[in-house]
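Visitor: Could you take me through the aromatic side chains in this one? I'd like a close look at how the rings sit against each other.

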Amino acid sequence: MSHATQVPRSRRVNGPAGPAEAAPRRARRRPTSQQWAAWAFLAPVVLYLALFYAYPLYRNLDLSLRHYTVRSFVQGNAPFAGLDNYRTVLADATFLPALLHTALFTAVCLVFQYAIGLALAVFFHQHFRLSATLRALFLVPWLLPLIVSASTWSWMLNSDSGVVNAVLHGVGIGPVNWLTSPTWSLISVIIANIWIGVPFNLVVLHSGLQSIPAGLYEAAALDGAGAWRRFWSITFPLLRPVSAITLLLGLVYTLKVFDIIWIMTKGGPAESSTTFATWSYQLGFGNVLPAFGPGAAVGNLLVVAALAFGLVYIRVQRKQAWS
């Protein structure tokens, strides 16, 4: 029988360099083929966002923080100005009228586009004969290029040869200077933009109506609920998430509307239809000596406004999800 002392298995024999039996290290996981495929699909999107969103936003921010002239814009050696361009914009006499016109233009367009789009969506939801054909015809204003739509409205609202004044003359009403009067110019571009934006609201809201179960309407009808009662108790509440995203997208699109206003009135007369979008363009490209910095500052104010409304929308959606 051996008298050699055996070392218990639970003990560790330490050498001069540390534990003899070191804890095994976790092996680094190598990306799988599925992960590489996911990154491959994601790369074009990231590249697109970086080139066409992140870089332009960075350049616009850089423009607004420097004193740029035509020479420095080409050579790239503009001195740093800090917030001077923003102070110049806020102190300009055009700022308050442009702010008021932008808010009024956006609010009125959103309300009427949504209201008319919702009414048409409910109407076409009845599935009568030729409903699909008529719904497709309502998409024409949305599919036309903006320059075509704006030019058409400019011709229709022309003071001398426009079809609108011809109709008014036929019913005994005198001509209206739709595009050349400070009183009517903003109203004219609002009417044109509402006509262009209604189809978008119609399509999105009509898609939302398709997701509402028909059984709810049948149960409400059996309980004696009329058409208005069914709309306010079923359609409108269940359409709220779709309505929220519709209004948010409409807000972002309307804030940056430039083509319609510029083609029809160029922001005039006497800046009566000037918004932040047209004012930014005028500062940057509409003068003999362009003011790149203030123009970029006005553009950034629009970006901040759009981001603020986007954050409000996200917050409201989270509260609804939690509740």
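Guide: Happy to. Start with a group: Phe258, Trp262, Tyr281, Phe285 and Phe292 come together as one aromatic cluster. Keep in mind that this is a predicted model. Across it, the count of aromatic pairs comes to 21.

Take Phe124 and Phe138 as one of them. Their ring centres are 5.6 Å apart and the planes meet at 70°, which is over the 60 degrees needed, so this pair is edge-to-face. Phe124 belongs to helix H4 (residues 95–124), while Phe138 sits in the loop between helix H5 (131–137) and helix H6 (140–143), so the contact ties together parts 14 residues apart in sequence. The two partners also have their own surroundings: Phe124 is buried, at 1% relative accessibility, and Phe138 is partly exposed at 34%.

Now hop over to Trp228 and Trp232. Here the centres are 6.5 Å apart and the planes are at 15°, so the pair counts as stacked. Both tryptophans lie in helix H11 (residues 227–238), four residues apart, or about one turn of the helix. Trp228 is exposed, with 63% relative accessible area.

Another exposed tryptophan is Trp39, at 56%, and you'll find it in helix H1 (residues 33–64). Trp39 helps make a nonpolar surface patch of about 1,200 Å². Other members of that patch include the aromatics Trp36, Tyr48, Phe52 and Tyr53, along with Leu42, Val45, Val46, Leu47, Leu49 and Leu51.

Note on methods: Residues are numbered from 1 along each chain as its sequence is written. This is a predicted model: local features need pLDDT of at least 70, side-chain atom pairs count only at pLDDT 80 or more; totals for chains, interfaces and linings use all residues. Side-chain values use heavy atoms; hydrogens and water are left out. Rings of Phe, Tyr and Trp (its six-membered ring) pair if their centres lie within 6.5 Å; planes under 30 degrees apart count as stacked, over 60 as edge-to-face and the rest as tilted. Helices (H or I, at least four residues) and strands (E, at least two) are DSSP runs, numbered from the N terminus. Buried means under 20% relative accessible area, exposed over 50%, partly exposed in between (1.4 Å probe, protein chains only). Patches are made of residues with over 30% relative accessible area and no salt bridge: like charges are joined within 9 Å, nonpolar side chains (Val, Leu, Ile, Met, Phe, Trp, Tyr) within 5 Å. Accessible areas come from the Shrake-Rupley method with a 1.4 Å probe; for residues, only the protein chains shown count as cover. A salt bridge is a side-chain nitrogen of Lys or Arg within 4 Å of a carboxyl oxygen of Asp or Glu.
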